[in-house]
Amino acid sequence: MKKIAIFFIIIACFFLEIATADNIVYDIYSAAKKSSMSNKPIFYVIASTNCTHCVHFIKNTITPNFKSINENFVFALSNLENDDKIPSDIPFNGTTPSTYIISSSGEILEGPIEGDFNQEYYKKLVQEFGVK
């Protein structure tokens, strides 16, 4: 039981590290407003703190690229463990992590990208959809 509690504390720290970095993580609804004002696309991740793939994705892809994400996108994160709401027009089947690139007008440009992906795929997303 003690190992499980420690595991959840470590996972929560990864999410907290991202969620508190300069207040640049938004819920999807706030991100939509910010996106329409800035004309930046949204980089939207649906994850769960009790998902090992999510933790790996946050730690190894999102965290090292966080500055770049915020330069090119408005970053939004929905954590299912916090009962964060997912808009009904987002095609989500329960797989976490799921990532979407959404235009400033609300059109889904890419996604769902289900599961973990590496930094090379992230770079492809920036080249294709990032701020030009």
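**Exercise 1. How many of the five residues of β4 are buried, and what encloses the strand?**

Solution. The model is predicted. Start with the count: five of the five residues of β4 are buried. It follows that β4 is largely enclosed by the rest of the structure.

Now take the two faces. In a regular strand the side chains alternate between the two faces of the sheet. In β4, one side holds S98, Y100 and I102. The other side holds T99 and I101. Both faces are covered.

**Exercise 2. Find the strands that pair with β4, and the sense in which they run.**

Solution. Begin with β2. Five bridges join β2 to β4, and the two run antiparallel. Within this pairing, Y44 has Y100 as its bridge partner.

Turn to β5, residues 108–114. Four bridges link β4 and β5, again in the antiparallel sense. Here I101 stands opposite E110.

Finish with the connection. The hairpin of β4 and β5 has five residues between the strands. In this hairpin, G106 takes a positive phi near 100°.

**Exercise 3. Describe the buried and exposed faces of helix α2, then its two ends.**

Solution. Helix α2 spans residues 28–38. List its buried residues: I28, A31 and S35. Seen down the helix axis, they fall within an arc of 50°, so they line one face of α2.

What does the buried side pack against? The partners are β1 (25–26), β2 (42–47), β3 (74–79) and β4 (98–102).

The face turned away from the buried side carries K33 and M37, which are exposed.

Next, the ends. D27 caps the N-terminal end: a side-chain oxygen of D27 lies 2.9 Å from the backbone nitrogen of Y29. Just after α2, N39 takes a positive phi of about 65°.

**Exercise 4. Locate the two salt bridges of the structure and give the exposure of each partner.**

Solution. Take K123 and E120. Their side chains meet at 3.6 Å, N to O. Both sit in helix α5 (residues 119–129), three residues apart, so about one helical turn separates them. K123 has 41% relative accessibility and counts as partly exposed. E120 reaches 54% and counts as exposed, because the exposed class begins over 50%.

Now take E128 and K124. Their salt bridge spans 3.3 Å, N to O. Both residues lie in α5, four residues apart, about one turn of the helix. E128, at 42%, is partly exposed. K124, at 35%, is partly exposed.

The spacing makes sense: an α-helix has 3.6 residues a turn, so residues three or four places apart point the same way.

Notes. Residues are numbered from 1 along each chain as its sequence is written. This is a predicted model: local features need pLDDT of at least 70, side-chain atom pairs count only at pLDDT 80 or more; totals for chains, interfaces and linings use all residues. Side-chain values use heavy atoms; hydrogens and water are left out. Buried means under 20% relative accessible area, exposed over 50%, partly exposed in between (1.4 Å probe, protein chains only). The arc is that of the directions from the helix axis to the C-beta atoms. Contact means heavy atoms within 4.5 Å. A polar contact is a pair of N or O atoms within 3.5 Å; within protein, one must be able to donate a hydrogen and the other to accept it, and residues adjacent in sequence count only if both atoms are side-chain atoms. Two strands pair if DSSP finds at least two bridges between them. A salt bridge is a side-chain nitrogen of Lys or Arg within 4 Å of a carboxyl oxygen of Asp or Glu.
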